[in-house]
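Several terms are about to be applied to one protein model. Each answer sets a value against its definition.

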Amino acid sequence: MSPSSMNLRGGAARGAAVRAGARAGFVARGVLYLLVGALAVRIGLTGTSEQADRGGALAEVVSTPFGAVLVWALGVGLAGMALWRLSEALFGAAGPKGDRIGTRALSGARFAFYAVGSFLVLSFAAGDRGSGAGTTDRQSHDLTGRLLSMPGGPWWVGAVATGILGAGLWIAGWAVLRKYRKHLTWKRMSTPQRRFMDVTGIPGGVARGLVFAAVGFFSLKASTESDPGEAKGIDDAIRSFAQTPAGPWLLLAVAVGLVLFGVFSFGESKWRDV
């Protein structure tokens, strides 16, 4: 066998591994959003003190039979997602515009996001319960406090907050405009499959975007008031929707949307063009 054919086969094998990692990552993301959404529904209906964030979801998983194994699987799945995003940053994404600098930079940011998420989930699986329930709120306070204590701290916090707020609005807009379709094998999907992705993707993406936007909004408030206590993690941000004029109904709508985003992620694991 010639060296060139060996390189082609090696590249194909690496590509297959990255694609498998991406699909496993979508499943892991779906499980986490499904659980966070279900916890948020409980909060909206009963006012429970359970945490509707990554830590709360992991606590739910680990309490089930074979829960420890499932948590490890979630961490490995998110690592697969991170590996796929890294490959996009280095070699370009699928599609005609996947090689653009902006697309690669966005993939690099997503790689960092999922790499951190995978590390925290795997740390939880390894016994570090410090990455457990409530940490998104506590970490948000701690990180905001450290940034505020730096020279020009409020500006740093404001810049990060603006980025998160903008990302949330972008995610919601992406869903409303159905931009996710261009990343799916849309032309090869049946009409029921397309309808399934729209029914879950639009409200799911809007709910996810609203949660990110809420986190960014409260971080921006923390920067303007120089008060780390104003910053909120995912759990507190979700609970804050109950304090709006729409009351618990908006919280429940967002919660159901997060559940739908989890289901949408399962669909992406099958029909995403990776």
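**Terms and values**

Of the 274 residues of the protein, 43% count as buried, that is, under 20% relative accessible area (exposed is over 50%, partly exposed in between; 1.4 Å probe, protein chains only). This is a predicted model: local features need pLDDT of at least 70, side-chain atom pairs count only at pLDDT 80 or more, and totals for chains, interfaces and linings use all residues. Residues are numbered from 1 along each chain as its sequence is written, and side-chain values use heavy atoms, with hydrogens and water left out.

Q: What makes up the pattern of the protein along the sequence?
A: The pattern reads α-α-α-α-α-α-α-α-α. The protein has 9 helices and 0 strands. Helices (H or I, at least four residues) and strands (E, at least two) are DSSP runs, numbered from the N terminus.

Q: Why is the protein called as compact as a globular protein of its length?
A: The radius of gyration, taken over C-alpha atoms, is set against the globule rule, 2.2 Å times the number of residues to the power 0.38. For 274 residues the rule gives 19 Å, and the protein has 19 Å, so it is as compact as a globular protein of that length. Along its principal axes the C-alpha trace spans about 65 × 45 × 40 Å.

Q: What share of the contacts in the protein joins residues 24 or more positions apart?
A: Contact means heavy atoms within 4.5 Å. Among contacts with a separation of 6 or more, residues 24 or more positions apart account for 72%.

Q: What makes a set of residues a nonpolar core?
A: The members are buried Ala, Val, Leu, Ile, Met, Phe, Trp, Tyr and Cys residues, joined through side-chain atoms within 4.5 Å. The largest such core here has 47 residues, and Ile238 and Leu258 have the most contacts inside it. Elements giving two or more residues to this core include helix 1 (3–46), helix 7 (191–225) and helix 9 (248–271). Helix 1 gives the largest share, 10 residues.

Q: Which residues does Leu258 touch, not counting those up to four places away in sequence?
A: Leu258 touches Tyr33, Leu34, Val36, Gly37, Ala207, Arg208, Val211 and Ile238.

Q: Why is Gly267 called buried or exposed?
A: Gly267 has a relative accessible area of 4%, so it is buried. Gly267 lies in helix 9. Leaving aside neighbours within four places in sequence, Gly267 is in contact with Phe196, Met197 and Arg272.

Q: What does Arg272 count as, buried or exposed?
A: Arg272 is at 9% relative accessibility, so it counts as buried. Its place is in the segment after helix 9. Beyond neighbours within four places in sequence, Arg272 is in contact with Arg23, Phe26, Trp84, Arg85, His183, Leu184 and Gly267.

Q: What is the sign of phi at Phe66?
A: Most residues other than glycine have a negative phi. Phe66 has a positive phi of about 60 degrees although it is not a glycine. Phe66 is in the loop between helix 2 and helix 3. With a relative accessible area of 70%, Phe66 is exposed.

Q: Why is Ser226 called buried, partly exposed or exposed?
A: Ser226 has a relative accessible area of 45%, so it is partly exposed. Ser226 lies in the loop between helix 7 and helix 8. Ser226 has a positive phi of about 50 degrees although it is not a glycine.
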